[in-house]
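Please open the structure in a viewer and keep the sequence panel visible beside it. The tour below proceeds by selections, each followed by a description of what is found there.

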Amino acid sequence: LSGVEAEATPLERRLTQFGHRIARWVAALAVMLMVAGVGVEGIDRVDEALLFAVAVAVAAVPEGLPAVLTLTLALGTERMAARQAVVRRLSAVEALGSVTVVATDKTGTLTENTMTVRAVDVVDERRALLAMVLAAEAEPDGASGDPLEIGLYAHAARHGVDAAAERASHKRVSERPFDSEWKYMRVTVLDDGRAVSYLKGAPEVLLAMSRLTDEERADWSERIVRAAAEGNRMLGLAWADGETDSDVTWLGTVALWDPPRPEVPTAIAACQQAGIRVVMITGDHPTTARAIAATIGIDAGRVMTGDELEGLDAEALAEQVRDVGVFARVDPEHKLDLVDALKANGEIVAMTGDGVNDAPALKRAVVGVAMGHRGCDVRREVADLVLLDDNFATI
């Protein structure tokens with residue numbers, strides 16, 4: 001973060017230019033008055049001519065301008081706070097009005113972030129239910145934690161599995177927490193005295209690690225795409241004997257439904273009518289991202305993935321972001337590249353994100369927008385605007 005430079009807002013840039021212009025004209029005026037005074041009054045009155053020139057220069061400088069600007073922006077801040085938007089940097093009030101592109105996360109911003117299991121396609125239901133409740137970090141009572149895991153707990157409970165009891169009876173030996181770099185998590189527990197690992201994460205990642213034939217992988221991939229095309233968030237499950245992250249046994253998939261916020265399509269239409277382009281950047285499956293984007297009114301003609309972004313240089317990426325409206329399976333590191341590419345095209349970018357790794361992109365954007373409920377303190381510290389209701393429509 002310390003190496004990421006925050007860019008000045010359009011207002012700050014214009015004020016700097018305005019200040020330099022005033023300084024040049026005032027300096028020129030003072031010199032002219034000095035020369036004219038000496039010419040009219042004589043060289044023996046040079047001190048009075050200098051005093052008069054300095055007095056005029058001081059009078060010409062608009063000392064009240066900073067106070068007027070601060071008061072104006074503070075009034076805007078007060079009005080925005082009443083609409084669930086807390087401004088952390090005054091200049092962001094004006095900058096938000098100058099934005100040409102809003103790069104937004106999907107989950108919880110465009111959608112309600114309430115995960116409900118819509119369908120389960122597994123080969124071993126008992127193992128799959130155990131994977132749902134054991135490969136998780138949310139509280140077993142479902143009171144707090146990742147909404148995705150809470151949704152899995154609720155599904156398991158409907159099928160007679162008590163998350164708290166299973167967690168208590170399966171002592172955790174080790175774990176590999178979820179990270180956007182490897183896109184899955186693994187928990188190793190003791191089951192009747194032997195170590196057993198349960199994994200959950202991106203289906204394509206777990207498929208590649210599983211003991212399946214090429215034909216079986218192709219069949220599962222088609223099933224995943226079909227389910228994702230309905231807008232479902234897809235989750236893969238697997239298990240293995242021992243403490244391992246490779247050569248796992250594929251269990252199947254879970255399709256979770258996170259409905260779009262009802263007010264989002266109207267808000268996106270309002271943005272587009274105002275000339276503001278909305279770009280979705282998400283870690284979800286490309287087919288899921290396309291389906292949700294089409295539902296809420298974002299141009300989903302072409303979807304780019306994080307893997308495709310990896311092979312592009314800065315110039316090629318800047319060209320691609322002119323037309324692509326949806327980016328899927330994107331790592332937080334890619335978001336910084338996307339912000340830079342958009343800005344290279346002359347866009348004024350507002351960026352939303354909810355992860356600690358999103359903080360550099362939020363700082364680099366002209367307006368960094370953080371969520372008040374979700375995410376981490378680091379992200380809120382670098383943001384210019386905090387949405388208390390985590391709602392895109394508030395922007």
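Helices and strands in this tour are DSSP runs, helices of at least four residues and strands of at least two, and they are numbered from the N terminus. The model is predicted.

**First stop: a loop between two strands**

Select D247, which is placed in the loop between β7 (233-241) and β8 (249-257). This residue is not a glycine, yet its phi is positive, at about 55°. Most residues other than glycine have a negative phi. With a relative accessible area of 46%, D247 is partly exposed, since the partly exposed class runs from 20% to 50%.

Next, select K183, in the loop between β4 and β5 (184-191). K183, also not a glycine, has a positive phi of about 65°. Its relative accessible area is 17%, so K183 is buried.

**Second stop: strand β4 and the loop before it**

Move to S174, which lies in strand β4 (residues 172-176). Its relative accessibility of 16% places S174 among the buried residues. Display side chains here: that of S174 makes a polar contact with the side chain of R186, at 2.9 Å. Beyond its neighbours within four places in sequence, S174 is in contact with R186, V187, T188 and E243.

Then select H170, in the loop between α7 (163-169) and β4. H170 counts as buried, at 10% relative accessibility. A polar atom of the H170 side chain lies 2.9 Å from the backbone oxygen of E166. Setting aside neighbours within four places in sequence, the contacts of H170 are L130, L134, V189, L190 and D191.

**Third stop: helices α5 and α6**

L130 and L134 are among the buried residues of α5, so select that helix, residues 125-134, next. How many of the 10 residues of α5 are buried? Eight are, and α5 is therefore largely enclosed by the rest of the structure. The buried residues are R127, A128, L129, L130, A131, M132, V133 and L134. At the start of α5, a side-chain oxygen of D124 comes within 3.4 Å of the backbone nitrogen of R126.

Add helix α6 (residues 147-158) to the selection: α5 and α6 pack at an angle of about 140°, and their axes are 9 Å apart. The two helices are therefore oblique to each other. The crossing of α5 past α6 is left-handed. On the α5 side the contact is made by L129, M132 and V133, and on the α6 side by L152, Y153, H155 and A156. Sorted by class, this contact has six nonpolar residues, one polar residue and no charged residues.

**Fourth stop: helices α1 and α2**

Select helix α1 (residues 10-41) together with helix α2 (residues 46-60); they pack at an angle of about 155°, with axes 8 Å apart. This makes α1 roughly antiparallel to α2. Their crossing is right-handed. To see the contact, show V26, L29, A30, L33, M34, G37 and V38 in α1, which meet V46, A49, L50, F52, A53, V56, A57 and A60 in α2. By class, the contact has 14 nonpolar residues, one polar residue and no charged residues.

Remain on α1 and select R14, which is found in that helix. R14 is partly exposed, at a relative accessible area of 45%. From C-alpha to C-alpha, R14 and A57 are 22 Å apart in space and 43 residues apart in sequence.

**Fifth stop: L110 and helix α11**

Go to L110, in the loop between β2 (101-104) and β3 (116-122). Is L110 buried or exposed? L110 is buried, with a relative accessible area of 0%. Its contacts, apart from neighbours within four places in sequence, are T104, D105, P260, R261, V264, I268, M280, I296, I298 and F392. Now add A393: L110 and A393 are 283 residues apart in sequence, while their C-alpha atoms are 8.4 Å apart in space.

One of the contacts of L110 is I296, and I296 is also one of the buried residues of α11. Select that helix, residues 286-296: eight of its 11 residues are buried, so α11 is largely enclosed by the rest of the structure. The buried residues are P286, T287, T288, A289, A291, I292, A293 and I296. The tour closes just after this helix, at G297, whose phi is positive, near 100°.

Terms used. Residues are numbered from 1 along each chain as its sequence is written. This is a predicted model: local features need pLDDT of at least 70, side-chain atom pairs count only at pLDDT 80 or more; totals for chains, interfaces and linings use all residues. Side-chain values use heavy atoms; hydrogens and water are left out. Axes are lines fitted to C-alpha atoms, for helices over the stretch in contact, and angles run from 0 to 180 degrees between N-to-C directions. Angles under 35 degrees count as roughly parallel, over 145 as roughly antiparallel, 65 to 115 as roughly perpendicular and the rest as oblique. A crossing is left-handed if the near helix is turned anticlockwise from the far one by less than a right angle, and right-handed if clockwise. Contact means heavy atoms within 4.5 Å. Ala, Val, Leu, Ile, Met, Phe, Trp, Tyr, Cys and Pro count as nonpolar, Asp, Glu, Lys and Arg as charged, and the others, Gly among them, as polar. Buried means under 20% relative accessible area, exposed over 50%, partly exposed in between (1.4 Å probe, protein chains only). A polar contact is a pair of N or O atoms within 3.5 Å; within protein, one must be able to donate a hydrogen and the other to accept it, and residues adjacent in sequence count only if both atoms are side-chain atoms.
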